[in-house]
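Visitor: I would like a close look at a single part of this model, namely the loop with the unusual backbone and the strands around it. Please take it slowly and connect it to the rest of the fold.

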Amino acid sequence: GAGTQYFAGLVNGQPMWTNSESGAVPVVQDNPLGGPRWPNDSPSVGDLSVVYSSDLDLWLMTYDGGRQTPATGGVYFAYAPQPWGPWSSPQLVFNGARDGGAGVFIHDPSHDPPGPAGPTANPTNNPPATTRGGVYAPLLIERFTTVEGDLLKIYYTMSTWNPYTVVRMRSQFRIARTP
């Protein structure tokens, strides 16, 4: 819309803005396989969520990405001193296979047992028994973000595709405060 400004990068640590969408640059790099960096990578960042932690004086972000391989797909977490970055290297905080979601609360037809099936979005094209679930839209719940001593806890909702539902998740991190 009229008046929209796009992040165009940092110059001497300061954000630059443009009126042109074509001048926009990524705020987060989705490159879990360590391949070529933007614009020659194969990004798969989906839904992202950002909150500010006054306890840490940092911006916290979750997003779904890493779809290049089953081992890298899932929910990522990063943090930054400013909303435009620079953002920390993203950490994979939830992967359906690695973290026990597949066959438990995410349908996986290759898993024994496969886990709950359905409902799915558009069941004609996504039959519940054969459609693999996945994770997306890890949306932070800001009021539940806490810091206690050296422990950061974030809570977020996460959609699972099959069954087509939302689950509440928690990730926690040991943190080191700088003096």
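Guide: What follows starts at one loop and then moves outward to the strands, the cores and the other backbone features. Please keep in mind that this is a predicted model.

The loop in question lies between β9 and β10, and Trp161 has its place there. The phi of Trp161 is near 65 degrees, a positive value in a residue other than glycine. Pro163 lies in the loop between β9 and β10 as well, and a cis peptide bond with omega of about 0 degrees joins Asn162 and Pro163. As background to both features, most residues other than glycine have a negative phi, and most peptide bonds are trans.

The side chain of Trp161 also deserves attention, and here the aromatic pairs come in. A search of the whole structure finds 10 aromatic pairs. In one of them, the rings of Tyr136 and Trp161 have their centres 6.3 Å apart and their planes at 65 degrees, and because edge-to-face is the term for planes over 60 degrees apart, the pair is described in that way. Tyr136 lies in strand β7, residues 136–140, while Trp161 lies in the loop between β9 (151–159) and β10 (166–174), so the pair ties together parts that are 25 residues apart in sequence. Both partners are partly exposed, Tyr136 at 22% relative accessibility and Trp161 with a relative accessible area of 29%.

A further aromatic pair is formed by Phe144 and Tyr155, which is edge-to-face, with 6.0 Å centre to centre and 75 degrees between the planes. Phe144 lies in the loop between β7 and β8 (146–148) and Tyr155 in strand β9, so this pair ties together parts that are 11 residues apart in sequence. Phe144 counts as partly exposed, at 32% relative accessibility.

Strand β7 can be followed one step further through Leu139, whose place is in that strand. Leu139 is partly exposed, with a relative accessible area of 38%, and its C-alpha atom is separated by 6.6 Å from that of Met158, although the two residues are 19 apart along the chain. Leaving aside neighbours within four places in sequence, Leu139 is in contact with Leu48, Ser49, Tyr155, Tyr156 and Thr157.

From β9 the view opens onto the nonpolar interior. The largest nonpolar core has 18 residues, and those with the most contacts inside it are Val75, Phe77, Phe94, Leu152, Ile154, Tyr156 and Met158. The elements that give two or more residues to this core are β5 (74–80), β6, β9 and β10, and β9 gives the most, with 4 residues. Ile154, not counting residues up to four places away in sequence, touches Leu60, Thr62, Phe77, Leu140, Thr145, Met169, Arg170, Ser171 and Phe173. A second, separate core of 7 residues includes Tyr76, Ala78, Ala80 and Trp87.

Strands β5 and β6, which contribute to the largest core, also belong to an open sheet of 4 strands in the order β3-β4-β5-β6, with antiparallel pairing. β3 (48–53) and β6 (91–94) stand at the edges of this sheet, each with a single partner strand, so one side of each is left without a neighbour in the sheet. The twist averages 30 degrees from one strand to the next. β3 is joined by 6 bridges to strand β4, residues 58–65, and the two run antiparallel; Val50 stands opposite Met61 in β4.

Backbone features of the kind seen in the starting loop recur in the loop between β6 and β7, where Pro119 is found. A cis peptide bond joins Gly118 and Pro119, again with omega of about 0 degrees. Asn122 lies in the loop between β6 and β7, and its phi is near 55 degrees, a positive value in a residue other than glycine; at 43% relative accessibility, Asn122 counts as partly exposed.

A positive phi also appears towards the start of the chain, where β1 and β2 form a hairpin with 2 residues between them and Asn12 in the turn has a phi of about 55 degrees. Strand β1 (residues 6–11) and strand β2 (residues 14–18) pair in the antiparallel sense over 5 bridges, and Gly9 stands opposite Met16 in β2. Finally, Phe7, Trp17 and Trp84 form one aromatic cluster.

Note on methods
Residues numbered from 1 in each chain as written. Predicted model: local features only at pLDDT ≥ 70, side-chain atom pairs only at ≥ 80, totals over all residues. Heavy atoms only, no water. Pairing = 2+ DSSP bridges. Axes fitted to C-alpha atoms, helices over the stretch in contact; angles between N-to-C directions. Phe/Tyr/Trp six-rings, centres within 6.5 Å; stacked < 30°, edge-to-face > 60°. Buried < 20%, exposed > 50% of the residue type's maximum accessible area, 1.4 Å probe, protein only. Contact = heavy atoms within 4.5 Å. Core = buried A, V, L, I, M, F, W, Y, C linked by side-chain atoms within 4.5 Å.
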